[in-house]
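The following exercises ask the reader to work from a sequence and its three-dimensional model. Each task is followed by a solution in steps.

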Amino acid sequence: MLKIPYLDLPPLCGAAGTVRLPGSKSISNRLLLLAALAEGETRIEQLLEADDTAVMLDALRSLGCAWHRNGDGSVTVQGLGGHLPVSQADCFLGNAGTAMRPLAAALALLSARDGGRFFLSGVARMHERPIRDLVDALRGLGCQIEDLGQPGYPPLALSGPAPLALDQPVRVRGDVSSQFLTALLLTLPLVAQRAIVIEVEGELISKPYVEITLALLARFNVKVEREGWQRFTIPAGSRLRSPGRLVVEGDASAASYFIALGALGATQAPVRIEGIGRDALQGDVRFADAAAAMGAQIEWEDHALRVRRGAWPLKAIQLDCVAIPDAAMTLAVMALYADGPSRLSGIASWRVKETDRIAAMATELRKLGATVAEGPDWIEVHPLQSWRRTAIHTYDDHRMAMCFSLAALHPLTGTPPQDLRILDPGCVAKTFPDYFETLFGLVQADPAHIPVLCIDGPTASGKGTLADRVADQLGYWVLDSGALYRATALAARCAGVALDDEPRVAALAARLPLHFEAGRCFLDEEDVTDALRAEEVGLGASAVAALPAVRQALHQLQLSFRRVPGLVADGRDMGVAIFPQAQLKVFLTASAAQRAERRYKQLISKGFSANIAGLLQDLEARDARDKSRSASPLAPAQDARLLDNSDLSIDASVEQVLAWWDEKRAFAD
Ligand SMILES: Nc1ncnc2c1ncn2[C@@H]1O[C@H](COP(=O)(O)OP(=O)(O)O)[C@@H](O)[C@H]1O
Ligand SMILES: Nc1ccn([C@H]2C[C@H](O)[C@@H](COP(=O)(O)OP(=O)(O)O)O2)c(=O)n1
């Protein structure tokens, strides 16, 4: 997960491969609430692990519901059988509408029936998202609900006891958000001694989401009777009972980004998306039909789909998106690649989501250079030929970040390749914490377009530390090239090969069974992370690094680290020999005495024995050999920036390098 201020995406030219979708947010949060309110224990598999489900789980715990995560990631919830063991709780629900609305209804009804006082709040944007229609419906039943902020918006206090009047139909508006109706449907079974009728006022939007609600209620033993989309009856004596085990479908809205990716960039092999089938509960699965109408070639499997590019450019569409409001945002970005203007209507609900999505979408598309028109419930997007390099604001809206990542495929239109900045990319954590990492596993880019930042310098100058920290800030990969020379020296020692036997050491280097996993380094199956840091291995590395055939053998391997979205490479010759075209080259130095002291502290802290005078001698000898060897001697590249960090803290060094990076890559805002 990326918790960084911005992520620069290099220009992308294709996509292929397989993605496993995270669990559906809508299904996950509905199931959590139903499982908590029901009788019996429920094991929920493939539950979404993201911000919106985390706040729901926290809230359930504070309401006295016990749950635990199992070894396979599934969650087991002990149902409360419709009775809260606590009479007070304060629940913070972030920006999760799928938690706020149904919990408001559940707590209003339960506190009215059993007494108690409960508080619901969220982030500032949550307090701007309307809930009045639901509150009005609940007040109509006799529930006591206080607006603690602006009337009609969270935060709310729900208290009781208070008499409930359930003999008249419950009326709720359905034309702003279907979540109000969903909230009532999920929770009224708690008080359904007699049949309860819900009548919807206005034209119900997002009907597929209500279908999810009805289908999940049926799994919990409540069979709601429906007359059209206007009248719903919860039968007398309905009781929520756990079905025992449930599997959450993959998130169909999240699938939209990968369907779009396939439609745009899968010209050879398909993008295969696992976790949903054609008969998925989620309405957003119908996004696939919209993408097909724009030209995507889609083949369905039982629980997966394969997407390739069909028509190119994409075909413009005119579509009423009322049934696929979330996934429709993806169409707006696909429209940039179409053969004419596309018009999406029926999207008034965009205005009350994580942000005003119509305004946000129009603003950011225009920054890319597009012509966009917008109305209260529609948007029209013209295709784009000449793309501007820009920084996309994401408005704390996960879908803005995910949609706009697709703009990095602009070279497919023939426009000159350039990078694209996504601000606050971490906002995807709401529903898809690993979205960007997943995307990077599927996309292709010309290596020459993938940015590289080199940090070269002598031993113990702090290259590794600086490289890791800078890469973390940029969301980039790291190449610790010294580890490759160290691993070669270690492999030679294990194989009994003399370090000056150039052909045999080079042969070992050429097929080094080295791989990196979660910050650890493995030779074959063996974790050699710590062994590589031993001082004698460093000296051995310096010896094998002087052999031209070894350097040659490791060259290609080093180049292969240049992967989307970018690379920070640390070593001796990164800027001179391996990535001579790098955007920024830093040559890092510190006095020999400082470096010896740093290395001493580092070794001692890792449990190695060390002596400072010996280390100083060794590092001066190593500097001399690294500088004087004929093959790629240690020296700053001509265009390198020198950074002497003898008197700089690690933070100050990181700041300096990031400032240089920003200077090179300034973005229009
Ligand atoms: N600017 C700095 N100031 C103080 N100590 C530093 C600084 N940069 C790195 N160090 C410390 O010096 C030690 C050696 O750093 P390392 O990154 O391993 O160096 P290199 O990769 O150049 O051999 C580490 O313990 C690190 O925490
Ligand atoms: N790109 C590189 C990286 C390391 N080397 C050599 C020179 C170094 O003495 C050894 C070990 O490198 P490493 O960066 O791990 O060493 P330090 O952490 O700086 O002590 O490998 C090299 O020649 N070229």
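The exercises below concern a predicted model.

**Exercise 1. Domain layout**

Task: State how the protein chain is divided into domains, and describe the contact of domain 1 with domain 3.

Solution.
1. The chain is divided into domain 1 (6-22 + 249-444), domain 2 (25-247) and domain 3 (450-664).
2. Between the C-alpha centres of domain 1 and domain 3 the distance is 39 Å.
3. Seven residues from domain 1 and six residues from domain 3 take part in the contact.
4. On the side of domain 1 that touches domain 3, strand 1 (6-9) and helix 12 (435-440) each supply at least two residues.
5. Strand 1 gives the most to this side, with three residues.
6. By class, this side of domain 1 has six nonpolar residues, no polar ones and one charged residue.

**Exercise 2. The annotated span**

Task: Locate the feature that UniProt places at residues 454-659, and describe the span in the model.

Solution.
1. An unreviewed UniProt entry gives the feature "domain: Cytidylate kinase" at residues 454-659.
2. In the model, the end C-alpha atoms of residues 454-659 lie 15 Å apart.
3. The secondary structure of the span is 52% helix and 16% strand.

**Exercise 3. The shell around ligand 1**

Task: Determine which helices each supply at least two residues of the shell around ligand 1, and classify the shell residues.

Solution.
1. Ligand 1 is surrounded by 15 residues, the closest being Gly462, Lys463, Gly464, Thr465 and Arg598.
2. Helix 13 (463-474), helix 20 (592-605) and helix 22 (650-664) each contribute at least two residues to the shell.
3. The shell comprises three nonpolar, nine polar and three charged residues.

**Exercise 4. Helix 3**

Task: Compare the expected span of helix 3 (residues 97-114) with the distance between its end C-alpha atoms, then describe its burial.

Solution.
1. Helix 3 has 18 residues, so at 1.5 Å a residue it should span 26 Å.
2. The end C-alpha atoms of helix 3 are 25 Å apart, which agrees with the expected span.
3. Helix 3 is mostly covered, with 16 of its 18 residues buried.
4. Just after helix 3, Gly115 adopts a positive phi of about 90°.

**Exercise 5. Glu525**

Task: Decide whether Glu525 is buried or exposed, and give its place in the chain.

Solution.
1. Glu525 sits in the loop between strand 29 (520-523) and strand 30 (526-527).
2. Within 10 Å, Glu525 has 7 other C-beta atoms. A residue counts as exposed at 12 or fewer, so Glu525 is exposed.
3. Glu525 and Phe404 are 121 residues apart in sequence, and their C-alpha atoms are 39 Å apart in space.

Note on methods. Residues are numbered from 1 along each chain as its sequence is written. Chains are lettered from A and ligands numbered from 1 in the order in which they are written. This is a predicted model: local features need pLDDT of at least 70, side-chain atom pairs count only at pLDDT 80 or more; totals for chains, interfaces and linings use all residues. Helices (H or I, at least four residues) and strands (E, at least two) are DSSP runs, numbered from the N terminus. The expected span of a helix is 1.5 Å times one less than its number of residues. A residue is buried if 20 or more other C-beta atoms lie within 10 Å of its own, exposed if 12 or fewer, and partly exposed in between; C-beta atoms are placed from the backbone. A residue is near a molecule or strand if its C-beta atom, placed from the backbone, lies within 6 Å of it. Ala, Val, Leu, Ile, Met, Phe, Trp, Tyr, Cys and Pro count as nonpolar, Asp, Glu, Lys and Arg as charged, and the others, Gly among them, as polar. Domain bounds come from an automatic or database domain assignment. Two residues are in contact if their C-beta atoms, placed from the backbone, lie within 7 Å. UniProt positions are given in the numbering used here, feature names are shortened, and annotations may be inferred rather than shown by experiment.
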